[in-house]
Amino acid sequence: MDYDTPHAISEDAIIIGDLAKMYNISKRALRLYHDLGILIPYYVDDKTGYRYYLPAQFPRLEMILQMKRAGLSLKQIKQMLDTRNLSLFEAILGEQLDKLTQKIAEYQMSRESLSKQLSGCKLIQNPPMMNSVFVEYMPRRSAFIYRDFEAYDMAQRYPEGSPWRHVLDQVKGVFSRKGLPLTLFQQVGGIVSKESLLSGKLLISGAFIQMDGEYQYQMPLSSFAPGIYVCMYNTYNAADNIEELKGLQKLLGYIHENEYQIAGDYLAQVMAETSVFDYNDTQIILKQQIPVSINWSN
């Protein structure tokens, strides 16, 4: 927008320094906008070099600053202002909105990851009572569930190493193919189906990672039903199936003694891992959980 040189500077005009202070930007930035032709001063004093702006130009500056905060480059802003093409303006804004949405999702994933790490650190420093059964209501939880592996018996010893390690590698492969950061690979857990619990043959047939947050992941999510769970915290070697089995059997015994009914799958969720500083220490804090229904008439 070009202005003719006035015979007298408008009373409403302000100098570049005052405009910079008003919008908390630098005079250098305003000079750059002038050089690029996206915000041309109302008047430039040949003697002093002072640039003057009118209040009528403020909305244009506000739009430039808003577009910059949204991530648009000055080149893009100039293109929109020069062409005065509303369709182009709409297209560029739509493209930038998609980029911002993606960044928000990435930040949310990072926030969730850090939140889980923080919870794990607090749990290690102030561990809950171990090997003690309690009853807890748990809300609905979203989770990525992986079942594409051969179920294995918790009661069996595996000289070549626990099959669980191979399962985790497969799940990490899925994350990699989906382009999801492995920083989300926390609070992973194993699943024993309700049918397996009732039959007494305790087979690990699934793996899950709890996925919190309201944003969309690039993979289908399932959920664990809300309800009352019989739970217990335990700590042992990460690949020790037998120790986990003992904890599961204790939960099943508690359910039987209290005449509860098993209402869903057993979940074994890693809440914290103590190998952050010592690679030789593979201890984990596990939360073992079985949903139950209670006959309140008894």
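Strand β10 (residues 227-237) gives the most to the lining of the second largest pocket, with 3 residues; strands are DSSP runs of E of at least two residues, helices runs of H or I of at least four, numbered from the N terminus. This is a predicted model, in which local features need pLDDT of at least 70 and side-chain atom pairs pLDDT 80 or more, while totals for linings use all residues. Residues are numbered from 1 along each chain, and side-chain values use heavy atoms, without hydrogens and water.

A pocket is an open set of points on a 1 Å grid where a 1.4 Å probe fits, with protein on both sides within 12 Å along at least five of seven lines, and its lining residues have an atom within 4 Å of a point. Phe224, Ala225, Tyr229, Gly264 and Pro291 lie nearest the centre of the second largest pocket.

| Second largest pocket | Value |
|---|---|
| Space | about 160 Å³ |
| Lining | 15 residues |
| Nonpolar lining | 10 residues |
| Polar lining | 3 residues |
| Charged lining | 2 residues |

Helix α6 (residues 163-178) has 16 residues that should span 22 Å at 1.5 Å a residue (taken times one less than the number of residues), and its end C-alpha atoms, 23 Å apart, agree with this. Its buried residues (under 20% relative accessible area, 1.4 Å probe, protein chains only) are Pro163, Trp164, Val167, Leu168, Val171, Val174 and Phe175. Seen down the axis of α6, these fall within an arc of 145 degrees, by the directions from the axis to the C-beta atoms, so they line one face of the helix. The face turned away from that side carries His166, Ser176 and Arg177, which are exposed (over 50%). After α6 comes glycine 179, with a positive phi near 75 degrees.

Note on methods: Points joined across faces, edges and corners; volume = space filled by probe spheres on them. Nonpolar A, V, L, I, M, F, W, Y, C, P; charged D, E, K, R; others polar.
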